[in-house]
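Got the viewer open? Let's take a walk through the chains and stop at one residue along the way.

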Amino acid sequence: MFRQAKWDEPLIFELSREGRVGYTLPKPIEDVDVEIPEKLKRKSTLNLPELSEPEIVKHYTRLSEMNYGVDSGIYPLGSCTMKYNPKINEEIAGHPGVAYIHPYQDERTVQGALRIMWELEQWLKEITGMDRFTLQPAAGANGEFTGVSIIRAYHLDNGEPQRDEMLVPDSAHGTNPASAAMAGFKVIEIPSNENGTVDLEALENAVSERTAGLMLTNPNTLGIFEDEILEIAKIVHKAGGLLYYDGANLNAVLGKVRPGDMGFDIVHLNLHKTFSTPHGGGGPGSGPVGVKDFLRDYLPVPLVSYDEENDRYYLDYNVPKSIGKVKELYGNFAVMVKALVYLKIMGREGLRNASEMAVLNTNYLTRKLLGTRGYELPGKKLRKHEVVFSAEPMKKETGVTAMDVAKRLLDFGLHAPTVYFPLIVHEALMIEPTETVSREELDAYVEALKRISEEAYGNPEVVKSAPHNTAVRRIDDVLAAKKPVLSWRMYLELKEKGEVDY
Amino acid sequence: MGRHYLPNLAQREEMLKEIGFSSVEELFADVPKGMVKEFNLPEGKSEYEVFLELNEVLSKNKTVLEMPSFLGAGTYFHYVPAHVKYLIERSEFLTAYTPYQPEISQGMLQALFEYQSMMAELYGLPVVNSSMYDWGTAIAEAALMTVRLHRGRRKRFVIPKAISPEKRAVIETYTRGANLEIVEVTWDESGKIDIEKLKEAVENAAGVYVEMANFFGLVEENVREIGEIAKEAGAYFVVGADPTMLGIFEAPGELGADIAVGEASYLGNPMNFGGPRAGVFAVRDDKKLIRQMPGRIIGMTKDADGKRAFVMTLQTREQHIRRAKATSNICSNEALVAVASAIHLASLGPKGLKELGEVILKNTAYLKRRLSEVAEIPFEGLYFKDVPARFERPYGEIHEALLARGIHGGYYIGEHFPELGETALFSATETTRKEWVDALIEALKEVA
């Protein structure tokens, strides 16, 4: 049975002992007298913890033991593509030629870095069927914002400022409408049909001379391939809109189908999903954006270009209608290095194998779980990289919710699926196993879900009160929102007032 | 290739058969005919071959360990203690996703809560999110937030002209959709914000942004006064500060900031050619402000046993719940960069951070004194990290001559600030060595 470490580890502030230091700095190179103006001198106390290096290492090691990563076990968060992160990626990204170079160095001294960016772009172009990429966006949402900003610039440039509506399916990731709104668009939601795909009739009715574009992920968040994608593209293009591909789900068709061939004009990718770079507990990610030729002049600056004649890579600021910058400098370079290592190792056949195995694993899990009491499968049976079951029957019959199922899975040392998303499925359990889990892990996951079903119908309390084996028990997130304690400083104040008892 | 990452490749046929499929193609039967293509990509390689190849490519980069460099201008060479890198590479941290299941992710959540707490101490504001992409996007998000706080009735955001061109460009792009008017306030003859011009610009502004040390490295003495002017005009006051200066300089919160921003990656993270980084975002403890904050926030609460626990909180601001009405579209942030920054901060402690600030200040002062022997320093005053030096000769030629001597000179800013002529920013941190500075000055004596 799984047992996560329970260290009762104090906050680092509580471990502080006066006078201890965790690092020794070099001395100033010359003891110059420098006066800080009185009104700017720090007078407020600086309450940072004081610990020695070994204590710091123990503290964070214990914290890490109360955390679960891809290396700990299966982590099938839907739409997150939590595949294995090859260790060679980290090894190469740790090279001094990555860590110790400054972004403003003379181009002649960073040819290696520029070449890596350029090469990565060539791979991404072929994988997506796009013609030019920016690697600047820091994450998927930053990429989406880049893409929709390009759409806006394109329509303005064409003298069509009235195109202020962005169409987004009701099954879309929350970042899609949020990014569109940030770029100044009005968001129009397109309903899904009973198959879980875009309702063509609704789409026909929604498009107009105000349509700027449609943001779509294919396969969609149900893991279902939008088989009418060419029709969708036709409708949007005919209305004068552009088609945007949310690359969160690219792992389903990696190396097999190109968004460019489906009719998409703009694509964002998530290197931290599809291209095996680790997610770091929330980031850093990297969200490159690719466009078809007619949009290249709107990309952020700088691009990376190659001067074949002189065999020279360079930062290219010659982007006449550029939307500007969506992040400082050139993007998350260290993440790009990892993605390129992955691509080179996988190659054409490896990438195709990856998506095929991801789809096989998902369908294997789907068929094995199908028919288990309490779970139902809305929409088509055939899935791509992920599947969304509904625990609605279980909730109705036993009171056990999708959240309870998720928490109970943790007790078996298995990470939960994404829950309550997509919003169009009630009590959603969105499972994306990826290609890097073994059949035995898939079987164990199905077994655990079946056992939870039995528990729900036999002894629901054990599920409702889960988890039992993690570092802490079920967390009171209502209290967290009602009485926000957001820093040690706030905690001390509230504690003194007797407003918190933990 | 890469079959060593694909455990079930060897059982493919068996598994297909078991679930009633005869081939992989059947799994893709819903893809329109002709859409599946053969890709024009290289064959996969062995790990060893890729290791060799990329080592060779990366050796084409000349690092700041091989070539004394005086580049700064928003990216700085700081030393990262070995244990920081070691700890953030613990795979339980490195390979985790955003902590959606808090019970099994307490380690990351606590580490991020500690990051928020340490930054709260540095910036003197108790509410900090668990990171933005970088300092530039943090300013842009702050600008948008001040407009939301004014319910869109004010759309003007005031920034100093002496700001990094990178940050300036990000602010432009981010605020275009909301139709913000970005107004620049130039510097006076001392190089600091022109207070009279500021008073004109601030009228009807949603927010005013100032940096404790401007793009030229010059310490802005009148932060508190600028804040008072902003507030008098009904604008929110946003202060940018490099965290490495806050051991010796007063906290933005104490100087009147409603919102403070900065760059967390200056601590605990290498330069990495400019990314990843992490933006600090802090606000006053005010419900109105907190409700409009962008980004993920970790809160402390308790579990079913009444035990202390951590969780992502106040999520009704965020895109996965609020969708088009969210305070920001940010989802993935820079969590691991933030944790590295916190580990470095914990290692320094209050004394270490103060010392770090002092060492940087003294090293910068030495660099400035020596540069003044060979160039003109356009503004008198106190500098932190960056020092502008103006030359007679075109800086491009000087740069070439320095590079030929194995030294990387400063960052040329004449392109962005033509009024400053042939000026470059030279930078010092705690990593700067005296012999590097002396070699630079010797070389400049010959070539400038």
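Here is a short route to click through, and keep in mind that this is a predicted model.

**Stop one: chain A.** Select chain A and switch to cartoon view. You'll be looking at 16 helices and 12 strands. The radius of gyration is 25 Å, close to the 23 Å that the globule rule gives for 502 residues, so chain A is as compact as a globular protein of that length. Rotate chain A to follow its C-alpha trace, which spans about 70 × 70 × 45 Å along the principal axes. Buried residues account for 61% of the 502 in this chain. Now think about contacts in chain A with a separation of 6 or more: 72% of them link residues 24 or more positions apart.

**Stop two: chain B.** Hide chain A and select chain B. This one has 15 helices and 12 strands, and its C-alpha atoms fill a box of roughly 80 × 55 × 45 Å along the principal axes. Of its 448 residues, 61% count as buried. For contacts in chain B with a separation of 6 or more, residues 24 or more positions apart make up 71%.

**Stop three: Tyr395(B).** Zoom in on helix H14 of chain B, residues 395-404, where Tyr395(B) sits. Is Tyr395(B) buried or exposed? It counts as buried, because it has 24 C-beta neighbours inside 10 Å and 20 are enough for that label. Next, show Tyr412(B), Gly414(B), Glu422(B) and Ala424(B): leaving aside neighbours within four places in sequence, these are the residues in contact with Tyr395(B).

**Last stop: a long jump.** Draw a distance from Tyr395(B) to Val311(B). The two are 84 residues apart in sequence, and their C-alpha atoms are 52 Å apart in space.

Conventions:
Residues are numbered from 1 along each chain as its sequence is written. Chains are lettered from A and ligands numbered from 1 in the order in which they are written. This is a predicted model: local features need pLDDT of at least 70, side-chain atom pairs count only at pLDDT 80 or more; totals for chains, interfaces and linings use all residues. Helices (H or I, at least four residues) and strands (E, at least two) are DSSP runs, numbered from the N terminus. The radius of gyration is taken over C-alpha atoms; the globule rule is 2.2 Å times the number of residues to the power 0.38. A residue is buried if 20 or more other C-beta atoms lie within 10 Å of its own, exposed if 12 or fewer, and partly exposed in between; C-beta atoms are placed from the backbone. Two residues are in contact if their C-beta atoms, placed from the backbone, lie within 7 Å.
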